[in-house]
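Trainee: Please take a close look with me at the ligand site, and then follow the chain outwards from there.

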Amino acid sequence: MARNRTVYVCQECGRNAPKPIGRCPNCGEWNSYVEQVAEVSNSKRVQQRLIGHRSEPQRLTEISGDPWERIPVPIEEFARVLGGGIVPGSIILIGGEPGIGKSTLLLQVAAVIANTVGPVLYVSGEESARQIKMRAERLDIASDDLFLVTETSLSTILDHIQSVQPDLLIVDSIQTTYDDRLDSAPGNVSQVKACATEFQSLAKNNGIPTFLVGHVTKEGSIAGPRVLEHIVDTVLYLEGDAFQAFRLLRSVKNRFGATSEVGVFEMQGYGMAEVTNPSEAFLADRVVNASGSSIVVTMEGTRPLLAEVQGLATPTSFTNPRRTANGVDVNRLLLLLAVLTRRANIKLFEQDVFVNVIGGLRIDEPAADLSIALAVASSVLDRPLAADLVAMGEVGLSGELRAVSQLPARLNEAAKLGFKHALVPRSARSRQEPLPDVINTIEVRTLADALSAAVG
Ligand code: TYD
Ligand code: MG
């Protein structure tokens with residue numbers, strides 16, 4: 001049998017070469033050549049598509065609003081992140097750290113689709129069918145239309161797809177799948193790209209929606225990132241702290257919906273449970289009237305979420321006091337501590353400071369600044385904040401408080417959970433649509449003002 005011709009292609013500029021080249025003579029990039037199957041057949045396929053299908057310009061006004069017919073997914077937190085359901089023929093990459101729950105969640109999705117829509121093929125390259133069966137038993141899943149296979153060879157997987165004719169395909173994971181026309185090992189960028197491209201054209205041509213599981217590298221991006229993210233329609237990340245139960249499913253790219261949606265789940269003994277009221281869940285174990293605790297309303301995309309920020313300051317025994325941040329950026333914490341010291345007269349140079357966001361949540365938006373600063377100050381002064389107070393605002397280097405986005409939505413969420421007072425930047429009112437009067441807003445100009453309002 002004649003081997004398929006392989007070529008080496010520069011990932012930067014696309015130049016071809018018969019052999020890998022250390023440095024691209026065209027764009028000068030180092031080590032940018034990866035192996036690929038010569039795409040003769042591919043260009044033919046494109047030609048046929050062009051002959052078979054002629055596009056037709058349409059008036060903008062005649063195109064209907066939601067052109068995507070979606071396969072409904074009865075797991076609402078999951079459907080929300082996809083933009084309402086699975087678009088037929090779409091290809092979705094789901095990434096996350098090992099053990100975070102990707103296989104569990106997708107097996108649950110596979111089961112509900114098999115029960116409500118039609119056959120689902122779950123291809124695992126990592127676990128045996130028996131292992132998956134054991135997980136299914138734990139999840140209490142049973143469906144005659146759910147097909148499992150342990151396979152890593154792309155061509156065999158394609159055969160299985162032919163025979164099962166699934167309505168949904170799940171490949172767990174793209175890094176274990178290999179195309180035997182390439183010499184490189186599975187997981188290699190060229191393998192990942194070749195396999196993903198094959199699944200993509202399969203999804204597009206047959207309308208089979210496909211989930212690809214992607215491993216993340218140490219830096220937190222999906223291995224072979226650029227190539228993969230370009231090929232797929234949607235990129236989801238499952239995040240969370242492996243030692244905490246909460247998991248956030250976030251979309252970072254979505255050709256068929258907003259990228260700002262998050263779904264919240266909790267890892268239980270029987271699989272991933274939806275958390276339909278995350279704010280309540282994040283505050284469930286809160287101890288009221290303890291010093292060093294402050295509640296912030298953070299936005300996860302379009303969704304307001306209440307979270308507890310805790311601060312703890314203790315006398316240090318080091319010459320360089322320690323600053324530890326969990327769930328917030330440590331550099332942001334250092335900045336806030338500097339502002340607290342200089343602008344609000346909170347002495348911190350002989351204190352170790354720890355900050356933690358409860359529930360394994362990570363808050364990166366500056367709106368949490370005020371809450372972080374208040375939590376630390378409350379601990380230093382050993383005075384608790386009012387139990388029914390939320391605080392938000394970006395803290396500037398002069399100690400001034402700056403406006404936060406989407407304040408009305410945040411205030412509504414806080415009021416919904418029974419909070420009575422909200423500490424907000426003074427500039428909030430003039431800049432925003434009218435603030436809802438569901439909650440008493442205390443408007444302050446500086447961090448020092450906020451401190452005297454909150455802890456006296
Ligand atoms: P898994 O879905 O295998 O993660 P991934 O595919 O992202 O690597 O999840 C593995 C972890 O989840 C494992 O530590 C056990 C735990 N788990 C539960 O807590 N409850 C469950 O019902 C299941 C199936 C797994
Ligand atoms: Mg897995």
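Mentor: Happy to. Ligand 1 takes up the space of the second largest pocket (on a 1 Å grid over the protein atoms alone, an open set of points with protein on both sides within 12 Å along at least five of seven lines; a molecule sits in it if more than half of its atoms lie within 2 Å of its grid points). Three elements each give two or more residues to the shell around ligand 1: helix H3 (102-116), helix H4 (129-138) and strand E11 (262-268) (DSSP runs numbered from the N terminus, helices being H or I with at least four residues and strands E with at least two). The most comes from H3, with three residues.

Before we go on, some ground rules. Residues are numbered from 1 along each chain as its sequence is written, with chains lettered from A and ligands numbered from 1 in the order in which they are written. This is a predicted model, where local features need pLDDT of at least 70, side-chain atom pairs count only at pLDDT 80 or more, and totals for chains, interfaces and linings use all residues, while side-chain values use heavy atoms and leave out hydrogens and water.

Back to the shell. There are 16 residues around ligand 1 (a heavy atom within 4 Å), and Gly99, Ser103, Thr104, Gln268 and Gly271 come nearest. By type, the shell holds five nonpolar, seven polar and four charged residues (Ala, Val, Leu, Ile, Met, Phe, Trp, Tyr, Cys and Pro are nonpolar; Asp, Glu, Lys and Arg are charged; the others, Gly among them, are polar).

Now the polar contacts (pairs of N or O atoms within 3.5 Å). A nitrogen atom of ligand 1 is 2.6 Å from a polar backbone atom of Gln268. On the oxygen side, one distance is 2.8 Å, to a polar backbone atom of Lys102, and another is 3.0 Å, to an N or O atom in the side chain of Arg135. Of the 560 Å² of accessible area that ligand 1 has on its own, the protein covers 73% (Shrake-Rupley, 1.4 Å probe).

Strand E11 deserves a second look, since Met267 lies in it. Met267 has 26% relative accessibility, so it counts as partly exposed (buried is under 20%, exposed over 50%, partly exposed in between, with a 1.4 Å probe and protein chains only). Its C-alpha atom is 7.7 Å from that of Gly101, although the two are 166 residues apart along the chain.

After H4, look at the loop that leads to strand E6 (146-150), where Asp140 is found. Its phi is near 60°, a positive value in a residue other than glycine. With a relative accessible area of 72%, Asp140 is exposed.

Asn289 also has a positive phi of about 60° without being a glycine. This residue lies between helix H8 (278-282) and strand E13 (293-300), in the loop, and its 56% relative accessibility means that it counts as exposed.

One more backbone detail: Asp172 and Ser173 are joined by a cis peptide bond, with omega at about 15°. Ser173 sits in the loop between strand E7 (168-172) and helix H6 (189-206).

For the wider setting, the chain has 13 helices and 21 strands. Of its 456 residues, 48% count as buried, and its C-alpha atoms fill a box of roughly 80 × 55 × 55 Å along the principal axes.

Definitions and conventions: A polar contact is a pair of N or O atoms within 3.5 Å; within protein, one must be able to donate a hydrogen and the other to accept it, and residues adjacent in sequence count only if both atoms are side-chain atoms. On a 1 Å grid over the protein atoms alone, a cavity is a set of points where a 1.4 Å probe fits but cannot get out, and a pocket is an open set with protein on both sides within 12 Å along at least five of seven lines; lining residues have an atom within 4 Å of a point.
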